[in-house]
Amino acid sequence: MSRNKRIFLSVLAGIGLLALVLVPVLGFAGFNVLGKATPTASLLKTAEPPGLGTTTAAPVCGGPSSMFILLIGSDTRADDYYAGLSDSMRIVRVDFVHPSLVFLTFQRDLYVEIPGVSSHAGITHGKLNQAYLYGNPGFGYYKGVGQGPGLLAATLQQNFGTRVDHYVAVNLNTFVRVVDTLGGIDVNLPNAVDARSPGSHNPDLYFPAGQQHLDGNRAMLLARLRPDGDLERSARQDLILKALAAKVLSPKSLPQMPKLVEAFYNSVQTDLGADALAKLLCLGSMIDSQNIKSVDFPPALFKPSRVQDPVLGYTFIWDVDFKMLRAYVQYFNNGTWPETPLATP
């Protein structure tokens with residue numbers, strides 16, 4: 001098999017996996033469709049957490065026991081990553097021992113310490129989604145690896161003890177193109193979503209309860225609307241993620257993979273290289289849709305509050321015990337999740 005063909009198959013692998021993990025505004029890039037991979041330097045390489053060392057099974061596909069990928073949805077409508085806030089943030093734990101994917105969502109309004117930017121107007125803290133903004137070229141406050149995704153990864157690790165091996169960030173336009181290339185997705189909403197103002201009949205801001213087929217634009221709108229708050233929006237994003245997974249795993253989607261390559265071409269920020277993508281391709285053929293899951297921090301932990309921020313002014317944040325979030329993250333890192341909510345210290 002020629003080198004170019006191997007790389008092409010690796011690209012298809014990455015698109016297959018990343019379409020599985022696409023939440024509104026998540027995706028793939030950094031590859032020349034018929035050329036060589038050109039990823040940026042990898043991010044934080046951390047040791048395996050203690051709990052994973054107890055398994056006797058060996059990883060498949062030549063992979064590590066687990067791989068952690070930071071998935072970022074940029075709110076920019078531009079076709080670049082010069083600026084923009086991270087509208088959605090998830091970490092996917094890719095398990096190569098027991099082939100599966102598990103997603104953990106982080107809320108954008110968590111008020112966190114942002115490392116490495118204090119030389120710029122004395123900024124030490126901000127909302128989690130600002131870390132991505134400050135690291136990208138529009139601000140350029142971060143001199144470490146990975147620009148915006150790198151600073152966001154470092155912020156998550158410092159505040160919550162997350163593991164991040166790689167990152168993928170995608171903007172709104174790319175998300176719409178991917179869903180349309182797949183022929184749309186089917187989502188079953190448990191409740192209607194109505195973001196219309198009184199007297200408005202705008203159909204773009206209303207989604208009825210029940211099963212419905214969404215094109216790229218409608219899927220993007222559903223992912224972004226939050227008339228009932230960020231926590232409920234995250235739950236709907238999980239539904240979209242699972243709908244995308246079901247579509248990509250369908251045998252009918254395989255002929256669409258070349259179109260997906262074209263849709264993603266030069267469209268996304270990522271540091272995934274050909275080797276990692278080849279391992280993900282191998283793993284993707286082993287993952288059943290029942291082994292793609294999402295976990296969330298208990299909503300009861302999040303209390304609405306406000307702080308006086310030097311950049312944003314008197315702004316909304318979630319008041320939450322970071323020690324509790326770190327405890328949940330440790331379970332996630334180890335490939336487990338509490339069956340009942342953890343007791344507050």
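Biologist: What makes the 6 strands an open sheet?

Modeller: The strands run in the order β11-β6-β1-β2-β3-β12, with mixed pairing. A strand here is a DSSP run of E of at least two residues, and a helix one of H or I of at least four, both numbered from the N terminus. Two strands count as paired if DSSP finds at least two bridges between them. β11 (268–270) and β12 (292–295) each have a single partner strand, so one side of each lacks a neighbour in the sheet. From one strand to the next, the twist averages 20°. The model is predicted: local features need pLDDT of at least 70 and side-chain atom pairs 80 or more, while totals for chains, interfaces and linings use all residues. Numbering starts at 1 along each chain as its sequence is written, and side-chain values use heavy atoms, without hydrogens and water.

Biologist: How do you know that β1 and β6 pair?

Modeller: Strand β1 (residues 66–74) and strand β6 (residues 166–170) share 5 bridges in the parallel sense, and two would be enough by the definition. In this pairing L71 stands opposite V168 in β6.

Biologist: What makes α2 and α3 a packed pair?

Modeller: Helix α2 (residues 128–135) and helix α3 (residues 147–160) have axes 6 Å apart, at an angle of about 145°. The axes are lines fitted to C-alpha atoms over the stretch in contact, and the angle, from 0 to 180 degrees, is taken between N-to-C directions. L128, A131, Y132, Y134 and G135 in α2 meet residues of α3 including Q147, L151 and L156, where contact means heavy atoms within 4.5 Å. The contact divides into 8 nonpolar, 4 polar and no charged residues. Nonpolar covers Ala, Val, Leu, Ile, Met, Phe, Trp, Tyr, Cys and Pro, charged covers Asp, Glu, Lys and Arg, and the others, Gly among them, are polar.

Biologist: Why is the phi of Q147 singled out?

Modeller: Most residues other than glycine have a negative phi. The phi of Q147, in helix α3, is positive, near 50°. C61, in the loop between α1 (3–21) and β1, also has a positive phi, near 65°.

Biologist: Why is the space lined by D87, S88 and M89, among others, called a cavity?

Modeller: A cavity is a set of points on a 1 Å grid over the protein atoms alone where a 1.4 Å probe fits but cannot get out, and its lining residues have an atom within 4 Å of a point. The search finds 2 cavities of 30 Å³ or more, and the largest holds about 70 Å³. Points are joined across faces, edges and corners, and the volume is the space filled by probe spheres set on them. β2 (86–95), β3 (100–106) and α6 (230–249) each supply at least two lining residues. The lining has 2 nonpolar, 5 polar and 5 charged residues.

How values were computed. 1 Å grid on protein atoms, 1.4 Å probe; cavity = no way out; pocket = protein on both sides within 12 Å on 5 of 7 lines; lining within 4 Å.
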